[in-house]
Amino acid sequence: PEAFYAEAIEYLHYTSIEKIPNAYELATDLSLAALTGDGVYNLGQVVTSTPLLGVALPGTDNEYLLELLQAMAAGHVADFNALSSKYASKIQAEPSLMHRRVAVQEKMTLLALVTMIWEQPASERTWKFDAIRERLLLGASDDVEMLVMRALSLHLIEGSLDQVSEELQVTWVMPRVLTKEQMSSMSSRFGEWAVKVSNTRDYMSENTQSLFA
């Protein structure tokens with residue numbers, strides 16, 4: 001699925017939807033490849049950057065694939081779980097989703113972790129395992145440490161684990177194409193950053209003047 005996904009994304013970058021004779025079939029196959037493919041984590045590529053899914057799937061039997069992708073790309077575990085329950089019969093009828101259901105759920109959890117980290121300022125990227133468990137809706141028996149090690153091994157994040165204090169410190173998070181919601185959040189963070197820079201500049205200006213007065 002990952003090879004098909006990469007080729008399909010490249011194809012869509014250079015082909016208008018009007019020129020795609022089998023848009024519905026391509027949108028369906030691309031959605032399934034994005035959900036199930038190993039190494040396919042930058043889902044903003046297909047949800048945001050290419051309009052195919054938003055044009056070809058709404059109002060069809062496979063619109064649920066678009067909804068699942070949107071929830072996964074946004075890192076919303078609760079929404080994804082709700083949609084999985086809502087469309088349980090459709091999911092059970094799709095062999096590729098059933099065959100890869102464990103991998104799909106893992107991908108959802110990993111992307112929720114990435115989103116959790118991405119939403120925090122770079123200066124505040126240390127989390128207790130309990131906070132991660134709560135945010136990702138993990139059960140008491142779920143191994144947060146193994147999840148984090150999986151994210152590190154896949155190079156979705158970089159950082160270090162403190163097994164004694166049960167903390168994760170992140171120094172880098174995977175760059176990705178943002179959804180509209182995430183772009184809005186980024187805009188707000190830039191605004192907050194600009195205010196901090198302005199306040200720091202004013203403080204330095206005032207104290208520099210008093211130093212040389």
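In this predicted model, Ser160 stands opposite Gln169 of strand β3, and this pair of residues offers a way into the sheet around them. The two strands β2 and β3 are joined in the antiparallel sense over six bridges, and together they make a hairpin with four residues between them. In the turn of that hairpin, Glu166 has a positive phi of about 55 degrees.

On β3, which covers residues 167–173, there is a further antiparallel pairing, this one with β1 over three bridges. Here Trp127 has Leu168 in β3 as its bridge partner. Strands of a sheet pair through backbone hydrogen bonds, in either a parallel or an antiparallel arrangement.

Taken together, the three strands form an open sheet in the order β1-β3-β2, with antiparallel pairing. Because β1 (126–128) and β2 (157–162) stand at the edges and each has a single partner strand, one side of each is left without a neighbour in the sheet. Neighbouring strands in this sheet are turned against each other by 25 degrees on average, with direction ignored.

Two helices can then be placed against these strands. Helix α9, made of residues 101–118, packs on the sheet and touches β1, β2 and β3, while its direction makes about 80 degrees with that of β3. Helix α11, spanning residues 144–153, lies across β2 and β3 and runs at about 145 degrees to β2.

Methods
Residues numbered from 1 in each chain as written. Predicted model: local features only at pLDDT ≥ 70, side-chain atom pairs only at ≥ 80, totals over all residues. Heavy atoms only, no water. Pairing = 2+ DSSP bridges. Axes fitted to C-alpha atoms, helices over the stretch in contact; angles between N-to-C directions. Contact = heavy atoms within 4.5 Å.
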